[in-house]
Amino acid sequence: MTATSAPLSIRIGQGFDVHAFGEGDHLMLGGVRVPHERGVLAHSDGDVVIHALCDAMLGALALGDIGKHFPPSDPQWKGADSRSFLRHCRRLLQDNGGWRVGNADVTVICERPKVGPHAEAMRALLAGDLGIAIGDISIKATTSEKLGFTGRGEGIAAQAVALLVRA
């Protein structure tokens with residue numbers, strides 16, 4: 001027997017991304033250039049906020065992950081601006097059933113840099129790229145209490161949750 005149900009009007013996805021610190025003098029976080037004594041080792045610009053958010057959006061619709069859509073083995077993504085990934089994911093949502101982000105919540109995990117002073121700028125950029133109100137996106141940060149790779153200052157991570165709604 002096959003069960004049938006009405007199409008869902010909401011979908012939820014979660015995403016996670018991590019990058020090790022490397023050479024550089026800044027990080028890209030949520031599309032914002034954040035001064036830091038280190039950069040990240042990444043194929044694109046290494047924006048953990050956007051990468052986690054893209055994975056949450058893609059996961060909500062079972063469209064794979066960011067690596068499927070923007071493989072690090074493809075030279076065209078070398079140094080790419082992750083905001084282009086986010087805008088692409090927004091189009092995928094629209095093209096695969098008329099979805100949009102209802103709200104999203106992102107947590108950055110690191111000891112440094114301090115994320116708080118940049119959170120509003122991140123929210124504004126992300127909201128604009130997603131076509132949502134700034135009040136529909138949250139950016140916050142936490143430390144790992146000096147435990148693990150983030151606690152030792154070896155890298156940075158982010159996790160995201162996105163609620164999709166039919167447009």
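**Pocket, core and annotated domain**

The largest pocket encloses about 170 Å³ of space in this predicted model. Its lining is formed by Asp17, His19, Ala42, His43, Ser44, His51, Ile66, Gly67, Phe70, Pro72, Trp77 and Phe85, and these residues divide into six that are nonpolar, five that are polar and one that is charged. Among the secondary-structure elements, the strand β1 (10-22) and the helix α2 (66-69) each contribute at least two residues to the lining of this pocket.

In soluble globular proteins, nonpolar side chains tend to be buried together. The largest nonpolar core of the present model comprises 47 residues, of which Leu29, Leu53, Met57 and Ile156 touch the most other members. At least two residues of this core are supplied by each of the strands β2 (26-29), β3 (32-35), β5 (99-109), β6 (137-142) and β7 (155-166), and likewise by each of the helices α1 (48-60), α3 (82-95) and α4 (119-130). The greatest contribution to the core comes from α1, with 10 residues. When neighbours within four places in sequence are set aside, Met57 is found in contact with Leu86, Cys89, Arg90, Leu93, Val101, Leu130, Ala162 and Leu164.

As regards annotation, an unreviewed UniProt entry assigns residues 10-164 to the domain "2-C-methyl-D-erythritol 2,4-cyclodiphosphate synthase". Within the model, this span of residues 10-164 is 30% helix and 32% strand, and the C-alpha atoms at its two ends lie 5 Å apart.

Conventions:
Residues are numbered from 1 along each chain as its sequence is written. This is a predicted model: local features need pLDDT of at least 70, side-chain atom pairs count only at pLDDT 80 or more; totals for chains, interfaces and linings use all residues. Side-chain values use heavy atoms; hydrogens and water are left out. UniProt positions are given in the numbering used here, feature names are shortened, and annotations may be inferred rather than shown by experiment. Helices (H or I, at least four residues) and strands (E, at least two) are DSSP runs, numbered from the N terminus. A nonpolar core is a set of buried Ala, Val, Leu, Ile, Met, Phe, Trp, Tyr and Cys residues joined through side-chain atoms within 4.5 Å. Buried means under 20% relative accessible area, exposed over 50%, partly exposed in between (1.4 Å probe, protein chains only). Contact means heavy atoms within 4.5 Å. On a 1 Å grid over the protein atoms alone, a cavity is a set of points where a 1.4 Å probe fits but cannot get out, and a pocket is an open set with protein on both sides within 12 Å along at least five of seven lines; lining residues have an atom within 4 Å of a point. Grid points are joined across faces, edges and corners, and a volume is the space filled by probe spheres set on the points. Ala, Val, Leu, Ile, Met, Phe, Trp, Tyr, Cys and Pro count as nonpolar, Asp, Glu, Lys and Arg as charged, and the others, Gly among them, as polar.
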